[in-house]
Amino acid sequence: MKPRSIVFDLFGDYVRYRGGDARMRTLSTLMGCFGVGESTVRVVLARLRKEGWFDVRREGRETVYALNKRSLQLLDEGRSRIFDRAPTDWDRHWYMVIYSVPETERGVRDRIRKELAWLGFGPLAPSTYVSPHDRLQQVREKFADEPAVRLDTLRCQSGGLPVDREMAARGWDLAALNEDYRELLRTYRGRMPSYRAGHLSPAEALVERMRLTYDYRKFPFRDPDLPTELLPAGWVGHEAYEMFMEAHDVLGPAAESYYDEVAGTRPG
């Protein structure tokens, strides 16, 4: 697990529900559970502060890191993509984004692709992305302050379900994604009885819960949460999601108690 990801997961799953701030000492102790040394913690937090993700204040000799508007927005978006599922009913409409960016703005072009993938859009053709879910307003809001970006957004239909399935196969590598879901299930399914029985200590539960989240969080970036009609036979993505949700919930009380023990906090 990368130290940067550990920081955001700690804030996303624990700190934000306990006042939104945490002492350097607390973060260092918790990250030590993952083998991250104090010097590395300080470097990572200083870098994240410089990037504008956290506000910092002093309380006596203690440094306190607090969420701000930018980091809260990031955590809200991430949590929605990880934990929320799209409606199962589909109206057979596609939502299309066609973007145009000057050749000199390659960094902006790369960011558009990443943002569209995060929102569940897949590439249908150069500069053309589609999604079966209406997230066009979110796309427009993301790039409202980018004068170099021109966006055309459309709501459209194909010639029929066979075409829809062919579009889905072009937009996403569903076979590879499904195999990675199978690997996730192979890794964690055997641990579920131990989770349910409460065999892990509070510290172990926090570490295991965060490792699970770390391993699962890459899937929403790749998985557009397609309607059932567009999924290949033998799809196990839904099973993986249900397992993740159960494990996350089951490990929650013990993990949260350990965080509270280290931080001296209570959930708010």
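Let me start with two tyrosines: tyrosine 99 is buried, and tyrosine 129 is buried as well. I should say at once that what we are looking at is a predicted model, and everything that follows should be heard with that in mind.

These two residues belong to the aromatic pairs, of which the structure holds 12. Let me take another of them, the one formed by phenylalanine 83 and phenylalanine 244, whose ring centres are 5.5 Å apart and whose planes make an angle of 40 degrees, which puts the pair in the tilted class. The pair links distant parts of the chain, since phenylalanine 83 belongs to helix α4, residues 69-83, and phenylalanine 244 to helix α12, residues 237-263, with the two positions 161 residues apart in numbering. Both phenylalanine 83 and phenylalanine 244 are buried. Coming back to the tyrosines, tyrosine 99 and tyrosine 129 also form a tilted pair, at 6.2 Å centre to centre and with 40 degrees between the planes. Here too distant parts of the chain are linked, with tyrosine 99 in strand β4, residues 94-100, and tyrosine 129 in strand β6, residues 128-131, the two being 30 residues apart.

Phenylalanine 83 and phenylalanine 244 are also members of one aromatic cluster, in which they are joined by Tyr181, Tyr216, Phe219 and Trp235.

Two arginines add charge-over-ring arrangements to this picture. The charged end of arginine 81 sits over the ring of tryptophan 118, at 5.7 Å from the ring centre, while arginine 85 lies over the face of tyrosine 241, where the distance to the ring centre is 4.4 Å.

Let me now move to the N-terminal part. An unreviewed UniProt entry annotates residues 3-69 as "domain: Transcriptional repressor PaaX-like N-terminal". In the model this span is 51% helix and 22% strand, and its end C-alpha atoms lie 22 Å apart.

Within that range, which order do the strands of the open sheet take? There are 3 strands, in the order β1-β3-β2, and the pairing is antiparallel. The strands at the edges are β1, residues 21-23, and β2, residues 54-59, and each has a single partner strand, so one side of each is left without a neighbour in the sheet. On average, neighbouring strands of this sheet are turned by 25 degrees against each other, if direction is ignored.

Looking at the individual pairings, β1 and β3, residues 62-67, run antiparallel and are joined by 3 bridges. Alanine 22 has tyrosine 65 in β3 as its bridge partner, and arginine 23 stands opposite valine 64 of β3. On the other side, β2 and β3 are antiparallel and joined by 6 bridges, with arginine 58 partnered by threonine 63 in β3. The hairpin of β2 and β3 has 2 residues between the strands, and glycine 60 takes a positive phi there, near 65 degrees.

How many residues of β3 are buried? The count is 6 of the 6, so β3 is largely enclosed by the rest of the structure. Both of its faces are covered, with Glu62, Val64 and Ala66 buried on one side and Thr63, Tyr65 and Leu67 buried on the other. Helix α1, residues 3-13, lies across β1, β2 and β3, and runs at about 80 degrees to β2.

For the C-terminal part, the unreviewed UniProt entry gives "domain: Transcriptional repressor PaaX-like C-terminal" for residues 172-260. Over that range the chain is 73% helix and 0% strand, with 41 Å between the end C-alpha atoms.

I would like to finish with two backbone details that deserve a second look. Most residues other than glycine have a negative phi. Arginine 92, although not a glycine, has a positive phi of about 70 degrees, and arginine 92 lies in the loop between α4 and β4. With a relative accessible area of 29%, arginine 92 is partly exposed. Aspartate 225 is another non-glycine residue with a positive phi, in this case about 60 degrees, and aspartate 225 is found in the loop between α11, residues 218-222, and α12. Is aspartate 225 buried or exposed? Its relative accessibility is 10%, and on that value aspartate 225 counts as buried.

Key
Residues numbered from 1 in each chain as written. Predicted model: local features only at pLDDT ≥ 70, side-chain atom pairs only at ≥ 80, totals over all residues. Heavy atoms only, no water. Pairing = 2+ DSSP bridges. Helix = DSSP H or I, 4+ residues; strand = E, 2+ residues; numbered from the N terminus. Axes fitted to C-alpha atoms, helices over the stretch in contact; angles between N-to-C directions. Contact = heavy atoms within 4.5 Å. UniProt positions renumbered as here; feature names shortened; annotations may be inferred. Phe/Tyr/Trp six-rings, centres within 6.5 Å; stacked < 30°, edge-to-face > 60°. Buried < 20%, exposed > 50% of the residue type's maximum accessible area, 1.4 Å probe, protein only. Lys NZ or Arg CZ within 6 Å of the ring centre and 35° of its normal.
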